[in-house]
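Visitor: Could you take me through one part of this model in some detail? I'd like to start where the ligand sits and then follow the chain outward from there.

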Amino acid sequence: MSTGRFDGKVAIVTGGSSGIGAATARRLATEGAHVVVADVADDTGTAVAAEIGGTFVHLDVGDPEAWARVVADTQRDHGGVDLAHLNAGIALRAYPVVIEDLSDADYRRINGVNADGVFFGIRAVVPAMKARRGGAIVATSSLAGVGPHPDDPIYAATKHFVVGLVRSLGRPLHDHGITINAVCPGAVDTPLLDATGRRDAIEARGRPLMAGDDIADAVLDLLAGKETAQIYSVMQGRGAERWEFAGIPGMPAMPPAS
Ligand SMILES: NC(=O)c1ccc[n+]([C@@H]2O[C@H](COP(=O)([O-])OP(=O)(O)OC[C@H]3O[C@@H](n4cnc5c(N)ncnc54)[C@H](O)[C@@H]3O)[C@@H](O)[C@H]2O)c1
C-alpha cells in the first residue's frame, strides 16, 4: 500500500536517537521509508527504531570503519541505501568559548563528530547510492554555518565545513543522480541546547525555539526534491528559505551544479 513520497526507500539517519534526527526518522517512516537509526545513544535509538518499525545501529559517525560496516550491513539487510540525513552533531561543553582555553581534546572531539562525521558519511553512502543509480543526502549544518557565532567559534567553523562540502559536491554527484543539500536551523528545542549555558543565552535573547519537526519538514522536502548543492536556513516563523550566496569580487560566477 502506498503511504508516501519514500515508499520502498531505505534511509540512514545519523543522530536519529534524539531531537532533529528522531523527528526526521519518524517522518521518513510515516512516508514509507525503512529507516536505519544510527547513533551512539543505544537505548533511545533502539526505542525510536522500534516505534517506527526501523532498525537501530550503533554508529560513531567519526569512525570510518564503522561507517563501512553500517553501509554494508544496510545493503545486505535492506537492499541498498537511497537516502541519508547526516545530522549527528555535538556542542562544546564550554559556553561562551574562550578560544585560548579550548583543549586539543575538545577541539578534536567536535571536529570528529560535526565535520569528519559528515565527510565519512558522504564517502560511505555515495558508492551505495551510485549502485542504486541515485540517491539523496541532506546534512544538518546551522545558522552558525552561514554566519559568525562569536560565542561558539569552533562550532561555527565545523558547520561552515558542512556548507562548503555540500556546495562543492553538487556537480560531481549530480552526474550519478545523487542530490546533496544542507539545512541550517536556528534554535531548536533539543538536548543539544543543554550543553552549558546555550539554552539560557537563547532564552535571554527572547528567541522562540523551534521543534525538531520544523526541521524535519525541510529535510524531507530536500530529500524528495531535485535541487542540489543548496543551503536552506530554517527559522522560527519563516520556515525553510534557500540561501543566495554573494559572488566573489573578481571571480566569474560558478556554473550551477545542475
Ligand atoms: N538544537 C539546535 O538548536 C540546533 C541548531 C542548529 C543545528 N543543530 C544541529 O542539529 C543536529 C542535531 O542536533 P539536535 O539539536 O537534534 O541535538 P540532540 O542532542 O538532540 O541530537 C544529537 C544526536 O547526535 C548523537 N550523536 C552525538 N555524537 C555522535 C556520534 N559521534 N555518532 C553518532 N551520533 C552521535 C547524539 O547521541 C544525539 O542522539 C546537530 O548537528 C546540531 O549541531 C541543532
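Guide: Here is a walk from the ligand site to the helices and loops around it. Keep in mind that this is a predicted model.

Let's begin with the ligand. There are 29 residues around it, and Ser18, Asp39, Tyr155, Val188 and Thr190 come nearest. Sorted by class, that shell has 15 nonpolar, 11 polar and 3 charged residues. Two helices are worth finding on your screen: H1 (19–30) and H5 (153–174) each supply at least two residues of the shell.

Now zoom in on some polar atoms. In the side chain of Thr190, an N or O atom is 2.6 Å from an oxygen atom of the ligand. Lys159 also brings in its side chain, with a polar atom 2.8 Å from a ligand oxygen. Leu59 uses its backbone instead: a polar atom there is 3.2 Å from a nitrogen atom of the ligand. How much of the ligand does the protein bury? Taken alone, the ligand exposes 830 Å², and the protein buries 91% of that.

Next, stay with H1 for a moment, where you'll find Thr24. Thr24 counts as buried because its relative accessibility is 0%, under the 20% cut-off. Setting aside neighbours within four places in sequence, Thr24 is in contact with His85, Ala216, Val219 and Leu220.

H1 also leads us to helix H2 (residues 42–52), since the buried residues of H2 pack against H1, strand S2 (34–39) and strand S3 (55–58). Those buried residues are Gly45, Val48, Ala49 and Ile52. They cover an arc of only 95° around the axis, so they sit on the same side of H2. Turn to the face pointing away from that buried side and you meet the exposed residues Asp43, Ala50 and Glu51. Just after H2 comes Gly53, with a positive phi of about 70°.

Gly53 is a glycine, but what about positive phi elsewhere? Most residues other than glycine have a negative phi, and most peptide bonds are trans. Arg133 has a positive phi of about 60° although it is not a glycine. You'll see Arg133 in the loop between H4 and strand S5 (135–140), and it counts as exposed because its relative accessibility is 75%, over the 50% cut-off.

Ala229 has a positive phi too, near 60°. Ala229 lies in the loop between helix H7 (212–224) and strand S7 (231–235). Is Ala229 buried or exposed? Ala229 is buried, because its relative accessible area is 12%, under 20%. Leaving out residues up to four places away in sequence, Ala229 touches Val166, Arg167, Gly170, Ile180, Asn181 and Ala257.

Asn181, one of those partners, belongs to strand S6 (residues 178–185). Asn181 is buried as well, at 0% relative accessibility. A polar atom of the Asn181 side chain is 2.8 Å from the backbone nitrogen of Gln230. Beyond its sequence neighbours within four places, Asn181 has contacts that include Ile137, Val138, Leu222, Glu227 and Thr228.

One last stop is a peptide bond. Tyr95 and Pro96 are joined by a cis peptide bond, with omega about -10°. Pro96 sits in the loop between strand S4 (83–86) and helix H4 (104–131).

Note on methods: Residues are numbered from 1 along each chain as its sequence is written. This is a predicted model: local features need pLDDT of at least 70, side-chain atom pairs count only at pLDDT 80 or more; totals for chains, interfaces and linings use all residues. Side-chain values use heavy atoms; hydrogens and water are left out. A residue is near a molecule or strand if one of its heavy atoms lies within 4 Å of it. A polar contact is a pair of N or O atoms within 3.5 Å; within protein, one must be able to donate a hydrogen and the other to accept it, and residues adjacent in sequence count only if both atoms are side-chain atoms. Accessible areas come from the Shrake-Rupley method with a 1.4 Å probe; for residues, only the protein chains shown count as cover. Helices (H or I, at least four residues) and strands (E, at least two) are DSSP runs, numbered from the N terminus. Ala, Val, Leu, Ile, Met, Phe, Trp, Tyr, Cys and Pro count as nonpolar, Asp, Glu, Lys and Arg as charged, and the others, Gly among them, as polar. Buried means under 20% relative accessible area, exposed over 50%, partly exposed in between (1.4 Å probe, protein chains only). The arc is that of the directions from the helix axis to the C-beta atoms. Contact means heavy atoms within 4.5 Å.
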